[in-house]
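Trainee: Could you take me through the charged pairs in this one, slowly? I'd like to know where each partner sits and whether it is tucked away or out in the open.

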Amino acid sequence: MTDTPSLTDAYDLKTPQDSVRLYADWADTYDTGFAQDHGYILHEHVARAYVNAGGFQPVLDVGAGTGLCGQALRNRGLDEIVATDISQEMLDIAEAKGLYQRLFCGDILAGLDETDGAYAGLVSSGTFTHGHVGAEALDELMRLVRSGGVLCISINAEHFKSHGFADKLAQLEPLSQSIDLSELPIYSAKATGDHAKDVGIIAVIRKA
Ligand SMILES: C[S@@+](CC[C@H](N)C(=O)[O-])C[C@H]1O[C@@H](n2cnc3c(N)ncnc32)[C@H](O)[C@@H]1O
């Protein structure tokens with residue numbers, strides 16, 4: 001790909017390897033050309049919801065990308081944060097910011113080489129969306145969090161409806177103390193363009 005990737009390109013991805021290719025091209029301009037210019041704020045909602053739910057540490061940031069959610073957690077006082085992403089190029093940008101204790105490349109759909117219950121909690125912003133990661137990854141996310149821990153995950157609201165998230169969350173109920181859903185804007189009120197009004201569902205799951 002020679003042109004700078006767009007949100008439309010990202011939503012059209014089909015496979016994890018497509019993500020690896022697209023984000024290799026997008027890493028350098030993601031923070032300014034995408035997040036800043038489009039008024040992306042989802043990571044702030046996720047970090048706030050996680051801290052409000054207890055802010056347990058260590059916390060794993062899944063699909064951490066360039067570290068926007070990690071920065072939002074740091075801004076709220078957390079400092080035991082680990083990042084994982086399928087794109088080494090995105091993680092390289094995050095690493096340069098010095099936000100994370102550790103960063104590692106991995107495909108959440110294939111499973112991560114981490115022990116059961118390794119984390120007190122987990123966040124993910126912007127990764128459960130069109131062309132990226134579906135509800136099938138929630139089992140792996142639950143495995144990584146210890147009993148009593150919290151998962152705070154954003155899910156694009158259209159993706160939520162079309163990819164069976166309600167059914168998957170119902171399956172996870174017996175493994176959870178509580179599952180709370182709230183709807184929040186993905187972009188700021190000043191955003192313009194086709195996706196400016198897109199909504200994210202923030203799922204806060206407290207593991208039994
Ligand atoms: C829209 S970006 C969000 C990045 C960051 N969390 C944020 O809010 O800015 C989606 C991220 O998910 C990552 N990703 C896509 N598929 C993945 C997979 N199967 N496993 C892990 N990460 C994945 C991409 O590489 C990309 O960094």
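**Charged pairs, one by one**

Mentor: Let's start with Lys168, which has a relative accessibility of 11% and so counts as buried, since the cut-off for buried is under 20%. Keep in mind that you're looking at a predicted model. What does the side chain of Lys168 meet in a salt bridge? Its partner is Asp139, with 2.8 Å from N to O. That pair reaches across the chain: Lys168 belongs to helix 9 (residues 165-172) and Asp139 to helix 7, and they are 29 residues apart. Asp139 is partly exposed, because its relative accessible area is 39%. So here a buried lysine is paired with a partly exposed aspartate.

Here's the general idea, in case it's new. Side chains of opposite charge can pair when their charged atoms come close. If you search the whole structure, you find seven such salt bridges.

Stay with helix 7 for a moment and look at Arg143. It forms a salt bridge with Asp116, and the closest N and O atoms are 2.6 Å apart. This pair also links distant parts of the chain, with Arg143 in helix 7 (residues 138-144) and Asp116 in the loop between strand 3 and strand 4, 27 residues apart. How open is each partner? Arg143, at a relative accessible area of 25%, is partly exposed. Asp116 comes out at 58%, so it is exposed.

Now back to Asp139 for a second, the partly exposed partner at 39%. Beyond that pair, salt bridges with shared partners join Asp116, Glu140 and Arg143 into one network. You've met two of those already, so let's look at Glu140. Its place is in helix 7, and with a relative accessible area of 13% it is buried. What does Glu140 touch, apart from its neighbours within four places in sequence? It is in contact with Ile108, Gly111 and Leu112. Put together, the network holds a buried Glu140, a partly exposed Arg143 and an exposed Asp116.

Next, find Glu114. It pairs with Arg102 in a salt bridge whose closest N and O atoms are 2.9 Å apart. Why does this pair tie parts of the chain together? Glu114 lies in the loop between strand 3 (102-105) and strand 4, while Arg102 is in strand 3, so the pair connects parts that are 12 residues apart in sequence. Glu114 is buried, at a relative accessible area of 16%. Arg102 counts as partly exposed, at 36% relative accessibility.

There are charges outside the salt bridges to look at, too. On the surface, Asp25, Glu89, Asp92 and Glu95 gather in a patch of negative charge. Which helix gives the largest share of that patch? Helix 6 (residues 88-96) does, with three residues. Asp92 lies in helix 6 and is partly exposed, with a relative accessible area of 40%.

For contrast, swing over to a residue without a charge, Leu68. You'll find it in helix 5, and at a relative accessible area of 18% it is buried. Setting aside neighbours within four places in sequence, its contacts are Tyr30, Asp31, Ala35, Tyr40, His43 and Lys97. Two charged residues are in that list, Asp31 and Lys97. Leu68 is one of the buried residues of helix 5, along with Cys69, Gly70, Ala72 and Leu73. Their cover includes helix 3 (30-38), helix 4, strand 1, strand 2 (81-85) and strand 4. Just past helix 5, Gly77 has a positive phi of about 95°.

One last stop, if you have the energy: the loop between helix 4 (42-52) and strand 1 (59-62), which holds Pro58. The peptide bond from Gln57 to Pro58 is cis, with omega near 0°. That's worth a second look, because most peptide bonds are trans.

How values were computed. Residues are numbered from 1 along each chain as its sequence is written. This is a predicted model: local features need pLDDT of at least 70, side-chain atom pairs count only at pLDDT 80 or more; totals for chains, interfaces and linings use all residues. Side-chain values use heavy atoms; hydrogens and water are left out. Patches are made of residues with over 30% relative accessible area and no salt bridge: like charges are joined within 9 Å, nonpolar side chains (Val, Leu, Ile, Met, Phe, Trp, Tyr) within 5 Å. Accessible areas come from the Shrake-Rupley method with a 1.4 Å probe; for residues, only the protein chains shown count as cover. A salt bridge is a side-chain nitrogen of Lys or Arg within 4 Å of a carboxyl oxygen of Asp or Glu. Lys and Arg count as positive and Asp and Glu as negative; His and the chain ends are not counted. The place of a charge is taken as NZ of Lys, CZ of Arg, CG of Asp or CD of Glu. Helices (H or I, at least four residues) and strands (E, at least two) are DSSP runs, numbered from the N terminus. Buried means under 20% relative accessible area, exposed over 50%, partly exposed in between (1.4 Å probe, protein chains only). Contact means heavy atoms within 4.5 Å.
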